[in-house]
Amino acid sequence: MKALIVSAKWEPRPDYVVSEFEKKTGKAVEGSRVWRHPCLELQDVPQPKPGPGEVLLRVRACGICGSDVHFCETDGDDYMLYPGLTKFPMVIGHEFAGEIVEIGKGPESQGFRIGDRVTVEEMTWCGYCRSCRDGFPNQCQNLEEIGFTVPGAMAEYIAVPVKLCWKVDSIFERYADEEVAWEVAATTEPTCVAYNTVFERAGGFRPGAYVVVFGAGPIGLGAIQLAKASGAAKVIVFDVSEVRRRLAKDVGADHVFNPLEAVPSEVVMEITSGEGADLSVEAAGSPDKTIPEMEKMLAINGKIAVVGRAAQRVPMFLERFQVRHSQLFGAQGHSGDGIFPSVIRMMGAGLIDNSKIITSRYALSQALSAMKRATQREDGKIMIKP
Ligand SMILES: [Zn+2]
Ligand SMILES: [Zn+2]
């Protein structure tokens with residue numbers, strides 16, 4: 001079968017200490033400090049076989065994520081930009097939906113049948129480690145990630161653990177066009193990351209709250225829709241990209257601004273009549289710029305939730321958090337706590353409509369062109385349709 005594969009050379013930077021874990025597994029914990037000269041190719045690879053507890057999916061749609069783009073983009077020394085856990089060569093793609101075409105052995109497959117339409121968690125938690133057993137699958141100590149450390153879905157077929165699959169029938173009931181339903185189902189994953197951030201980590205907000213979202217990429221766009229659907233009185237969004245500001249409006253943001261043209265804290269204090277933001281979401285990955293602004297706009301009992309990734313130290317003025325009775329939450333992942341089924345229900349109910357954020361579609365045979373297009377950052381979500 002055809003699959004989109006990223007390869008790269010293992011060349012740790014001179015100051016990078018390779019750990020025993022990395023030597024043993026061939027995985028880099030900090031990808032951008034280890035992988036050099038990445039290259040992207042459409043290759044012929046053997047079709048996977050589902051092992052015990054796994055199902056084989058025929059992939060029907062797979063979205064391109066910012067992480068996928070960062071695999072292929074490099075810095076001045078030709079090191080890849082993606083900073084996280086990775087192993088190459090690897091079939092990429094982790095935002096997907098597909099149809100079950102084969103079921104591996106094992107009692108775990110009960111409840112799933114050939115022909116079922118599903119989307120899949122990317123965080124492949126083990127279920128056995130202390131974090132998993134304590135109810136923190138996103139912090140699994142034996143974590144594998146689909147499209148990062150195990151083969152992903154920019155391919156005709158993928159074998160996945162059945163414990164990660166969720167049926168998406170309600171999405172198909174909502175969208176008359178099956179192809180659109182597949183694409184929407186493939187956007188479940190980033191929306192679940194937003195759900196985990198807003199509700200599970202930050203504990204949500206009361207209806208009537210003022211919510212601010214920095215960064216209107218797929219996670220920010222998810223946060224905007226979740227906030228509106230959950231009764232936020234105003235959702236105020238900041239993004240430097242004009243395309244993304246327009247998408248933010250399309251999915252329901254009340255106010256959108258370019259943070260290079262307006263001072264976010266001033267704008268928010270004005271719009272909220274001096275009361276500030278009850279919840280601010282950092283989905284821009286620029287905390288050095290956003291956190292100081294978010295601090296200044298904290299409502300009494302305000303919350304800041306950080307989901308955008310940036311491996312950097314950020315100055316904070318803690319006095320502000322004390323005086324404003326405020327808190328900050330770190331979020332990663334999308335697993336556990338009923339997040340996937342809740343988001344699928346919201347999509348099925350029309351409370352979230354990600355069909356609005358899908359702007360381009362490519363066949364798998366055109367995947368290289370699709371990735372090239374993604375580097376231009378002029379789209380919402382780009383879909384690959386094997
Ligand atoms: Zn992603
Ligand atoms: Zn675990």
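Helix 6 and helix 12 (residues 339-348) pack at an angle of about 110°, and their axes lie 9 Å apart. The two helices are therefore roughly perpendicular to each other, a class that takes in angles from 65 to 115 degrees. Their crossing is right-handed. On the helix 6 side the contact is made by Thr-188, Glu-189, Thr-191, Cys-192, Tyr-195, Asn-196 and Glu-200. Helix 12 contributes Ile-339, Phe-340, Ser-342, Val-343, Ile-344, Met-346 and Met-347 to this contact. These values, like those that follow, come from a predicted model.

Asn-196, which lies in helix 6, is among the residues of this contact. Asn-196 has a relative accessible area of 3%. Because the cut-off for buried is under 20%, Asn-196 counts as buried. Leaving aside residues up to four places away in sequence, Asn-196 touches Asn-138, Arg-201, Ala-331, Gln-332, Gly-333, His-334 and Ile-339. Ile-339 also belongs to the helix 12 side of the packing described above.

Helix 6 (residues 188-201) has a second packing partner to consider, helix 7 (residues 218-229). Here the angle is about 60° and the axes are 8 Å apart. That makes helix 6 oblique to helix 7. The crossing of helix 6 and helix 7 is right-handed. Pro-190, Thr-191, Val-193, Ala-194, Tyr-195, Val-198 and Phe-199 in helix 6 meet Pro-218, Ile-219, Gly-222, Ala-223 and Leu-226 in helix 7. Thr-191 and Tyr-195 thus appear in the contact with helix 7 and also in the contact with helix 12.

The model also contains zinc ions. Four sulfur donors coordinate the zinc ion (ligand 2): Cys-126 (SG), Cys-129 (SG), Cys-132 (SG) and Cys-140 (SG), at 2.3 to 2.4 Å. The angles subtended by the 4 donor atoms run from 104 to 118°, which makes the arrangement tetrahedral. Along the chain these donors follow the spacing C-x2-C-x2-C-x7-C. Cys-132 and Cys-140 are both buried.

For the zinc ion (ligand 1), the coordinating atoms are those of Cys-65 (SG), His-94 (NE2) and Glu-95 (OE), at 2.0 to 2.7 Å. Water is not among the atoms, so sites may look incomplete. The donor residues of the zinc ion (ligand 1) are spaced C-x28-H-E in sequence. Both His-94 and Glu-95 are buried.

Thr-124 is found in strand 7 (residues 123-124). Thr-124 is buried, with a relative accessible area of 12%. Asn-142 is 18 residues away from Thr-124 in sequence, and the C-alpha to C-alpha distance between the two is 8.6 Å. Thr-124 touches Asn-142, and also Leu-143, Glu-144, Ile-146, Pro-161 and Leu-164, when residues up to four places away in sequence are not counted.

Another set of contacts involves helix 9 and helix 10. Ser-265 is found in helix 9 (residues 264-271) and is buried, with a relative accessible area of 6%. With residues up to four places away in sequence left out, Ser-265 touches Glu-293, Lys-296 and Met-297. Glu-293 is one of the buried residues of helix 10 (residues 287-296), along with Pro-287, Thr-290, Ile-291, Met-294 and Glu-295. The elements that cover these buried residues include helix 9, helix 11 (318-323), strand 11 (210-214), strand 14 (277-282), strand 15 (298-306) and strand 16 (327-330).

Some backbone details remain. Most residues other than glycine have a negative phi, and most peptide bonds are trans. Ser-273, in the loop between helix 9 and strand 14, has a positive phi near 50°. Ser-273 is exposed, with a relative accessible area of 64%. His-325 also has a positive phi near 50° and lies in the loop between helix 11 and strand 16. The relative accessible area of His-325 is 51%. Because the cut-off for exposed is over 50%, His-325 counts as exposed. Finally, a cis peptide bond joins Phe-88 and Pro-89, with omega about 0°. Pro-89 is placed in the loop between helix 2 (66-72) and strand 4 (90-91).

Technical notes
Residues are numbered from 1 along each chain as its sequence is written. Chains are lettered from A and ligands numbered from 1 in the order in which they are written. This is a predicted model: local features need pLDDT of at least 70, side-chain atom pairs count only at pLDDT 80 or more; totals for chains, interfaces and linings use all residues. Side-chain values use heavy atoms; hydrogens and water are left out. Donors are N, O and S atoms within 2.8 Å of the metal (3.2 Å for Na, K and Ca); water is not among the atoms, so sites may look incomplete. Four donors count as tetrahedral if all angles lie between 85 and 135 degrees; four count as square planar and six as octahedral if opposite donors are over 155 degrees apart and all others between 65 and 115; anything else is irregular. Buried means under 20% relative accessible area, exposed over 50%, partly exposed in between (1.4 Å probe, protein chains only). Axes are lines fitted to C-alpha atoms, for helices over the stretch in contact, and angles run from 0 to 180 degrees between N-to-C directions. Helices (H or I, at least four residues) and strands (E, at least two) are DSSP runs, numbered from the N terminus. Angles under 35 degrees count as roughly parallel, over 145 as roughly antiparallel, 65 to 115 as roughly perpendicular and the rest as oblique. A crossing is left-handed if the near helix is turned anticlockwise from the far one by less than a right angle, and right-handed if clockwise. Contact means heavy atoms within 4.5 Å.
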